[in-house]
Each structure stands twice: as structure tokens, then as C-alpha cells.
Amino acid sequence: MKSKSMITKSAISNKEQRKLTISHVILIIWSFVALYPIIIMVINSFKDRFSIYKNPFGLPEGAWNFMNYAAVFKDGDFLVYFRNSFIVVILSLFLLLIIGSMAAYALANMRGKLSYIIYFFFIAGMMLPIKIASITILEIVRNLGLINTIWSLIPVYIAMGIPVAVFILTAFTREIPYELTEAGIIDGANRAVIFTRIIAPLLRPALATTAIYNLVPFWNDLWFPLIFITDDKSKTLLLGVTRLFGQYQTDWSRVLAVLTLSAIPVILLYLMMSKQFIKGLTAGAVKG
């Protein structure tokens, strides 16, 4: 009997090992597919204008050309564009997380049909792209006197990210035991203190997930800066890259250098928040 049970356990372990191996192979292949365009972009940013056309998928012939990066910092307004994008994205994410977490806490603790109506009102925003209201938003921004300023983008990005933020944070907040709120009330704490000192620290994984999920659309957005901003001093990074596109020819090596530099903040922020991001994604996967 012992030998049969040992054979059964070994068979099960072998199956699990094969599944694990297959999953690792699939993930490695998928990682290569996802990283290959980034690798090609970085390699081509170290080539001159004509080498890209000769061998777009190979390494640079001879010495690597760093003049593209020097030209970006010397001739262009890269630092101005980078500063504008950084300010807009950081402020938008900060305000989005505050507003989204407060709305999620309110919806998670409300009782009755009204809370579900408000919740589904937010969720409906995920189904309707905000770009369909671009003309109306442009009129609002013009009436507020925010045309040609980076401040015109912040309320638009907050409105664009609120549906996803409420969806993620509300589901996560409902998993927090209500006994913690009751304990805070017994100790004499008001709702603001309970939210800031008890609930908010527990929302870190969900906040990281929300931040990373909205970071890429905010950073890479070209549509609304193209509509709202024409002044060079207020252009964002991706909008500033369009200045490098000529009518008859384009210096692709310099364009790829700018895009490589613009990808660094997104990658660094993801690496800094990756642990919290993974916790947020897997928070509800296992329940005891």
C-alpha cells in the first residue's frame, strides 16, 4: 500500500512539474515577445540616421552612437517636456488615488440601493471612452481659461481614471473586515481618522495597482495634449516628440532616443511598486 501511495504521489508531482515547466516556457516566450520591441528601440537609438534603414534589427556597426542622446538634451526642449509630463502625471495620480479611495470607502460602507446605483454609475465610465466627449471637454477647458496650460490635463486624467480606480478600490475595501471600523468608532475616532489611519494603510496594494494601471495611459496620452496645448513651453513629452517628425524625412534615431528616455520613469515606477502591484492583483485570489 505504501509503495502504491508513493507511486501516486510521484505521478502527481511529475504532472505538477510538467505543468510548471510548460507555464515557465510560455511566460519566457511571452516575455521575449513583450521585450523585443523595447530592445530594438533601445538598440536603434544608438545608431545614426542611415544605419537604421540598413540593419534595423541588428546591433550598431562599429561604435555605439551617443550623439542622439546628447542632441536631445542640447538642441531640444526635452527637459521642459519631461518636467511637464512628470508634473501632470504625478499630480493626476495623487489626486486620483485620494478621490478614488475616498469614494470607494464611502461606497463600501453605504447600505441600500443608492450605493449600488452610484457604483454602477462609476463603472459605466469604463464602457464609454472619454474621447467621444472631446469637443465638450474642450469647451469646458476654454471656459475655465486653462487652454495652453498643463493644468488643463489634470482634471481630464482624473475623470479618465476614476471608473477603474473606484472599481478596484471598492472591491478591495469591501474585503476589509468591518470590525476594524467598529473598533475605531468605539475608541472615539471619527470617519476621517478611521479612513486615514486604519483603512488607507490596508489599501496600499490596491492603490499601487490603480496607480500602475493608470500610469501608462496618462504618460503616453497624446490626444488631449494635442487638443489643449499649442504652446511649446506647456507641451508634454510625447507631444514634444512630434516636433521631430518632418514632412519629408524623420530622424528616427533621435525619435527613438527620446522614446527610450521617456520609458525610463514608467519602468522605474513599476519596479518600485511591483510587489504592491502583485499583492493587489492576487488579494482576492485565495480566500479561507
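## Overall picture

Let's start with how the chain meets itself: among contacts in the protein chain with a separation of 6 or more, 73% are between residues 24 or more positions apart. Keep in mind as you browse that this is a predicted model.

The protein chain contains 13 helices and zero strands, so the order of elements from the N terminus on reads α-α-α-α-α-α-α-α-α-α-α-α-α. Of the 288 residues in the protein chain, 35% are buried.

## Aromatic pairs

How many aromatic pairs does a search of the whole structure find? The search gives twelve. One of them joins Phe 46 and Tyr 69, a tilted pair with 5.1 Å centre to centre and 40 degrees between the planes. Phe 46 sits in the loop between helix 1 (2-44) and helix 2 (51-54), while Tyr 69 belongs to helix 3 (residues 67-74), so this pair ties together parts that are 23 residues apart in sequence. Phe 46 and Tyr 69 are both buried. Ring pairs also bring Trp 64 and Phe 66 into the picture, linking them with Phe 46 and Tyr 69 into a cluster.

A tilted pair is also formed by Phe 224 and Phe 228, with 5.7 Å centre to centre and 35 degrees between the planes. Here both partners lie in helix 11 (residues 223-228), four residues apart, or about one turn of the helix. Phe 224 and Phe 228 are both buried as well.

## A charge over a ring

Tyr 119 has a charged companion: the charged end of Arg 174 sits over the Tyr 119 ring, 5.0 Å from the ring centre.

## The nonpolar core

Which residues touch the most other members of the largest nonpolar core? They are Leu 153, Ile 199, Phe 224 and Phe 228, in a core of 52 residues. Helix 4 supplies the largest share of this core, with eleven residues.

Leu 153 deserves a look of its own. Setting aside residues up to four places away in sequence, Leu 153 touches Val 88, Phe 224, Pro 225, Phe 228, Ile 229 and Thr 236. Those partners include Phe 224 and Phe 228, the two rings of the tilted pair in helix 11.

## Phe 86 in helix 4

Phe 86 is placed in helix 4 (residues 78-109). Is Phe 86 buried or partly exposed? Its relative accessibility is 41%, which lies between the 20% and 50% cut-offs, so Phe 86 counts as partly exposed. Although Phe 86 and Pro 265 are 179 residues apart along the chain, their C-alpha atoms are separated by 8.8 Å.

## Helices 9 and 10

The axes of helix 9 (residues 191-202) and helix 10 (residues 204-219) come within 5 Å and cross at roughly 60 degrees. On the helix 9 side the contact is made by Ala 200, Pro 201 and Leu 202, and on the helix 10 side by Arg 204, Pro 205 and Leu 207. By character, the residues of this contact divide into five nonpolar, no polar and one charged.

Helix 10 also holds Thr 210. Why does Thr 210 count as buried? Its relative accessible area is 0%, and buried means under 20%, so Thr 210 qualifies. Apart from neighbours within four places in sequence, Thr 210 is in contact with Leu 97, Ala 165, Ile 168 and Leu 169.

How values were computed: Residues numbered from 1 in each chain as written. Predicted model: local features only at pLDDT ≥ 70, side-chain atom pairs only at ≥ 80, totals over all residues. Heavy atoms only, no water. Phe/Tyr/Trp six-rings, centres within 6.5 Å; stacked < 30°, edge-to-face > 60°. Helix = DSSP H or I, 4+ residues; strand = E, 2+ residues; numbered from the N terminus. Buried < 20%, exposed > 50% of the residue type's maximum accessible area, 1.4 Å probe, protein only. Lys NZ or Arg CZ within 6 Å of the ring centre and 35° of its normal. Core = buried A, V, L, I, M, F, W, Y, C linked by side-chain atoms within 4.5 Å. Contact = heavy atoms within 4.5 Å. Axes fitted to C-alpha atoms, helices over the stretch in contact; angles between N-to-C directions. Nonpolar A, V, L, I, M, F, W, Y, C, P; charged D, E, K, R; others polar.
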